[in-house]
Amino acid sequence: MPRFALKIDYDGGPFSGWQRQANAPSVQSAIEAALARLDPAAPQITGAGRTDAGVHATGHVAHADLARDWDPFRLAEALNAHLRPAPIAILAAARVADDFHARFSAMERRYLYRLVQRRAPLTQDRGRVWQVLNPLDIGAMRAGAAHLPGKQDFTTFRSACCQAASAVKTLDEVRIEMAAVPGGWEFRFHLRARSFLHNQVRSIVGTLERVGAGAWSPGDVARALAARDRAACGPVCPPQGLYLVGVSYPEDPFPGA
């Protein structure tokens with residue numbers, strides 16, 4: 001059976017997360033239902049990772065084995081037709097080798113977290129960013145973030161229900177950008193790693209926000225990391241500001257997409 005990779009964009013607001021669930025809508029189940037309209041075998045898909053309820057994606061990747069050897073462009077178009085009106089889009093489809101695995105072949109995952117600081121209520125970005133009211137010090141947040149890259153034990157920054165065998169991960173980058181938006185400022189947190197722990201990104205951003213607000217010092221981030229204790233973490237920020245923006249493989253299945 002030919003194997004296809006799918007590059008997926010979605011608004012996570014209406015879903016209980018990526019993973020299929022018995023009694024709640026999920027991104028995975030919506031795509032599988034669309035595939036079932038095209039392939040009577042109703043194949044299951046395998047994603048590069050799981051996103052929580054309310055988390056978005058602009059570059060999630062999944063693979064599926066189909067009975068028919070589709071033209072990739074026509075496959076993407078057909079899936080998008082059957083996915084409407086759900087806020088899910090197949091950006092590209094690609095025929096891949098039989099040993100390609102969306103999860104296990106991945107070399108890097110990239111996340112973006114969007115935080116907007118302004119006093120006025122949000123309108124255009126409601127449900128897509130985390131809003132805070134008071135000013136944040138980007139210099140202090142960058143100083144706190146500087147303690148995090150490298151191979152470290154991130155026990156402090158993972159969910160108590162995380163199923164990973166080890167809390168040791170290599171965080172390749174934590175980068176923070178700042179830009180003016182109407183009525184305030186947007187802070188964009190970019191994080192790169194081969195893999196992440198459950199709630200790791202949201203725990204890190206929530207902690208760095210405390211540094212930016214002046215409630216923590218940059219050195220407190222290092223002390224929290226060294227504690228290897230979930231109780232030492234700052235607050236976990238809400239899911240609606242988080243985006244899975246890309247997954248990298250030894251060979252890009254979607255060159256130019």
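## Salt bridges

Let's start with the charged pairs: this predicted model holds 16 salt bridges. One of them joins R114 to E186, and the closest N and O atoms there sit 2.8 Å apart. R114 belongs to strand β5 (residues 108-118) while E186 belongs to strand β9 (residues 184-193), so this pair ties together parts of the chain that are 72 residues apart in sequence. Are the two partners buried or exposed? R114 counts as buried, at 10% relative accessibility, and E186 is buried too, with a relative accessible area of 8%.

Another salt bridge runs between E108 and R110, with 3.3 Å between the closest N and O atoms. Here the partners sit in differing surroundings: E108, at 15% relative accessibility, counts as buried, whereas R110 has a relative accessible area of 27% and is partly exposed. Then there is R175, which forms a salt bridge with E173, their closest N and O atoms being 3.0 Å apart. R175 is partly exposed, with a relative accessible area of 34%.

Which residues make up the network around these pairs? E108, R110, E173, R175, E177 and R192 are linked by salt bridges into a network.

## Strand β5 and its neighbours

Strand β5 is worth a good look. Of its 11 residues, 10 are buried, so β5 is largely enclosed by the rest of the structure. Which strands does β5 pair with, and how do they run? With β9, β5 pairs in the antiparallel sense over 10 bridges. With strand β10 (residues 242-248), β5 shares six bridges, and those two strands also run antiparallel. Strand β6 (residues 130-132) runs parallel to β5, joined to it by three bridges.

If you want to find these pairings on the model, a few residues make handy landmarks. R109 has V247 as its bridge partner in β10. L112 has H190 as its bridge partner in β9. For β6, look for L115, which stands opposite W130.

## On to β8 and β9

Strand β9 has another partner besides β5: 10 bridges join it to β8, and β8 and β9 run antiparallel. A landmark here is E177, standing opposite R188 in β9. E177 also turned up above, as a member of the salt-bridge network.

What sits between β8 and β9? The two strands form a hairpin with two residues between them, and in that hairpin G183 takes a positive phi near 85°. On top of that, strand β8 (residues 168-181) pairs with strand β7 (residues 150-153), in the antiparallel sense and over four bridges. To spot that pairing, look for G150, which stands opposite L171 in β8.

## A buried glutamate in a helix

Away from the strands, E209 has its place in helix α4 (residues 200-213). E209 counts as buried, at 6% relative accessibility.

What does E209 meet there? Its side chain makes a polar contact with the side chain of R210, at 2.9 Å. Leaving aside residues up to four places away in sequence, E209 touches L115, W130, V132, L136 and M141. Two of those names should ring a bell: L115 and W130 are the residues that stand opposite each other where β5 meets β6.

## The whole chain

Now zoom out. The chain has five helices and 10 strands. Its radius of gyration is 19 Å, close to the 18 Å that the globule rule gives for 257 residues, so the chain is as compact as a globular protein of that length. Along the principal axes, the C-alpha trace spans about 55 × 40 × 35 Å.

How much of the chain is buried? Of the 257 residues, 49% count as buried. The accessible surface comes to about 12,100 Å², and carbon and sulfur atoms account for 50% of that. As for who touches whom, take the contacts in the chain with a separation of 6 or more: residues 24 or more positions apart account for 71% of them. The salt bridge between R114 and E186 fits that picture, linking parts 72 residues apart in sequence.

How values were computed: Residues are numbered from 1 along each chain as its sequence is written. This is a predicted model: local features need pLDDT of at least 70, side-chain atom pairs count only at pLDDT 80 or more; totals for chains, interfaces and linings use all residues. Side-chain values use heavy atoms; hydrogens and water are left out. A salt bridge is a side-chain nitrogen of Lys or Arg within 4 Å of a carboxyl oxygen of Asp or Glu. Buried means under 20% relative accessible area, exposed over 50%, partly exposed in between (1.4 Å probe, protein chains only). A polar contact is a pair of N or O atoms within 3.5 Å; within protein, one must be able to donate a hydrogen and the other to accept it, and residues adjacent in sequence count only if both atoms are side-chain atoms. Contact means heavy atoms within 4.5 Å. Two strands pair if DSSP finds at least two bridges between them. The radius of gyration is taken over C-alpha atoms; the globule rule is 2.2 Å times the number of residues to the power 0.38. Accessible areas come from the Shrake-Rupley method with a 1.4 Å probe; for residues, only the protein chains shown count as cover.
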